[in-house]
Amino acid sequence: MPVSRDPPDRDPLAAALRPPIDETEEEKASRIAEEEAARRVSHAIDEAIRQEKQQRKKQKLVRLLLLGQSESGKSTTLRQFQRLYTPNAFREERVLWRAVIQLNIVRSINSILDALTDIRRRDVYPSTPYTSDPDSDSESENHIALPPHLEELRRRLYPLRHVESLLIAKLVPPNETEATTLGYGGSNSVNGNVPVRWGVHQPPSHPFQNKEVFVRPGAQWKLRSSGRPQSAGTTGQETVDESQAVLHHCRADIVALWNDAIVRQILRRRKIRLEETPGFYLNDLDRVTSLQYYPSDDDVLRARLKTVGVSEYSFHMEAGDERGTEWRIIDVGGSRSQRPTWVPFFDDVTAIIFLAPISAFDQVLAEDRSVNRLEDSVLLWKEVCSNKMLAKVDLVLFLNKCDILDSKLKSGVRLAKYVRSFGERPNDPEVAQKYFRSKFSAIHREHSPIPRKFYGFCTSVTDTTTTGGIIAAVKDMVLREHLRASKLL
Ligand SMILES: Nc1nc2c(ncn2[C@@H]2O[C@H](COP(=O)(O)OP(=O)(O)OP(=O)(O)O)[C@@H](O)[C@H]2O)c(=O)[nH]1
Ligand SMILES: [Mg+2]
């Protein structure tokens, strides 16, 4: 059949659809009515398809946002989700955390060495020897002379400064400029002698503040930490990296330093409670300084690496009714400079897990040392509860770091001294948890723009045994509410 190369001089479709020339008024009215009905049907079909698509999309995608101040445990909660729902990937990545753990260890040691250096600096002139009674806290630091064995340890552990620089260079890109200061140990601890009422107070300044290392989200730092010279393979046993070799070499001295009675006394006087600081591994020195050291699940959960920016982790449910549902978990940085990055995620979030570290009642924010950390958490929770954009979002509260709260109260730190409204209640961890729960629940009730259920858990998200059950319960609840809401659409 011949094909015409020239375009027709009139639109054949328009011609075919044009009403007949001899159409009567009656026929015209009937034709218009038919066309209108057809248009309505077509529009209804389009709308149904659109709604179905929207519903399908909503049913299949759950967006969970993790909020809370810095060091509240958001990234640790994310790692718990990864451990539970993508265990193979989590296991494979454990070796990449070794550099972070090494850095955490080295920084703990260096913070002790800094404390010794500080005492030494202030004590150049005649001094009395250190008290023979290591439990005596009465002596002023200004009269302390470092005994020779500590001077010797200080000298021998000097290579750890170099290891710290090496590890930072490995983990943090060279062009990274933002620096946040966060000391170890006492840097964000409140001077125990200053009472506060949900409290503002002046914290002591510690001379050995370290810069906290952070990474931006994405695989970059993992690639860097897996690269040479730390090519440890996936078992962690093939080759030994330089930092691990130095740690291993210094093992005896590190153990001696950490177990030294005088060192403990100095730390105690300075209110430096290293055991309660993030990234604390000094009670596992034999294991973590061995040449074959390979991080366990627990080690990865205890590692401290500050988040700057936003990281998103997604996984698909592989079994049961939830099969095919995609979960996206969004982890944000919690320090004050990071909080403006939260808002864009409020738009289409399904649920929020808000973490409030209730053990921080005697600490101050690293970024603003005039603000008590518990007070900051309370204000932040109030803001989240009252936010109109989040009015229909399920809020799940994790009153976190209950393990630290427990040990703090049991060691004699009095909660009522910092939280006056705690009053005469017994200084007991369970009473304290209950008290905090009721306070946070009241804020939720009073500040939610429309009434909603309160989901509150007392957690220690580094603990794999208890957290697994809580996360499973939260997941079920979020999904149930999500399905219910999408059915109401
Ligand atoms: N003992 C104890 N440590 C915890 C708990 N939760 C978190 N941590 C530790 O606290 C440190 C800080 O936790 P992260 O999860 O990094 O805190 P984050 O909220 O992500 O902090 P940013 O990234 O700065 O916003 C890590 O070393 C964790 O291992 C807990 O319940 N108990
Ligand atoms: Mg984080």
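1. Let's start with the surroundings of ligand 1 in this predicted model. The shell around ligand 1 holds 26 residues, and those that come nearest are Gly73, Pro278, Arg304, Thr307 and Gly334. Sorted by class, the shell has 14 polar, seven charged and five nonpolar residues.

2. Which elements supply at least two residues each to that shell? They are helix H3 (74-85), helix H13 (297-302), strand E5 (306-307) and helix H15 (402-410). H3 gives the most, with three residues.

3. The domain assignment is worth a look here too. Domain 1 (63-91 + 307-487) gives residues to the shell around ligand 1, and domain 2 (92-302) does as well, so ligand 1 lies between them.

4. On to helix packing, and a reminder that may be handy: two packed helices are described by the distance between their axes and by the angle between those axes. Three pairs follow below.

5. Take helix H14 (residues 373-386) and helix H17 (residues 429-447): their axes cross at roughly 30° and come within 8 Å. Because angles under 35 degrees count as roughly parallel, H14 is roughly parallel to H17. The crossing of these two helices is right-handed. On the H14 side the contact is made by Trp381, Lys382, Cys385 and Ser386, and on the H17 side by Phe440, Ile443, His444 and His447. By class, that contact has four nonpolar, three polar and one charged residues.

6. H17 also packs with H15, one of the elements that supply residues to the ligand 1 shell. How do H15 and H17 cross? Their axes come within 9 Å, at an angle of roughly 130°, which makes H15 oblique to H17. H15 passes H17 in a right-handed crossing. Cys402, Leu405, Asp406 and Leu409 of H15 make the contact with Pro429, Ala432 and Gln433 of H17. These residues divide into five nonpolar, one polar and one charged.

7. The last pair is helix H7 (residues 159-171) with helix H9 (residues 242-249), whose axes come within 10 Å and cross at roughly 160°. Angles over 145 degrees count as roughly antiparallel, and H7 and H9 are therefore roughly antiparallel to each other. H7 passes H9 in a left-handed crossing. From H7, Pro159, Val163, Leu166 and Leu167 take part in the contact, and from H9, Glu242, Ser243 and Val246 do. By class, the contact of H7 with H9 has five nonpolar, one polar and one charged residues.

Conventions:
Residues numbered from 1 in each chain as written. Chains lettered and ligands numbered in written order. Predicted model: local features only at pLDDT ≥ 70, side-chain atom pairs only at ≥ 80, totals over all residues. Near = placed C-beta within 6 Å. Helix = DSSP H or I, 4+ residues; strand = E, 2+ residues; numbered from the N terminus. Nonpolar A, V, L, I, M, F, W, Y, C, P; charged D, E, K, R; others polar. Domains from an automatic or database assignment. Axes fitted to C-alpha atoms, helices over the stretch in contact; angles between N-to-C directions. Parallel < 35°, antiparallel > 145°, perpendicular 65-115°, else oblique. Left-handed = near helix turned anticlockwise from the far one by under 90°. Contact = placed C-beta atoms within 7 Å.
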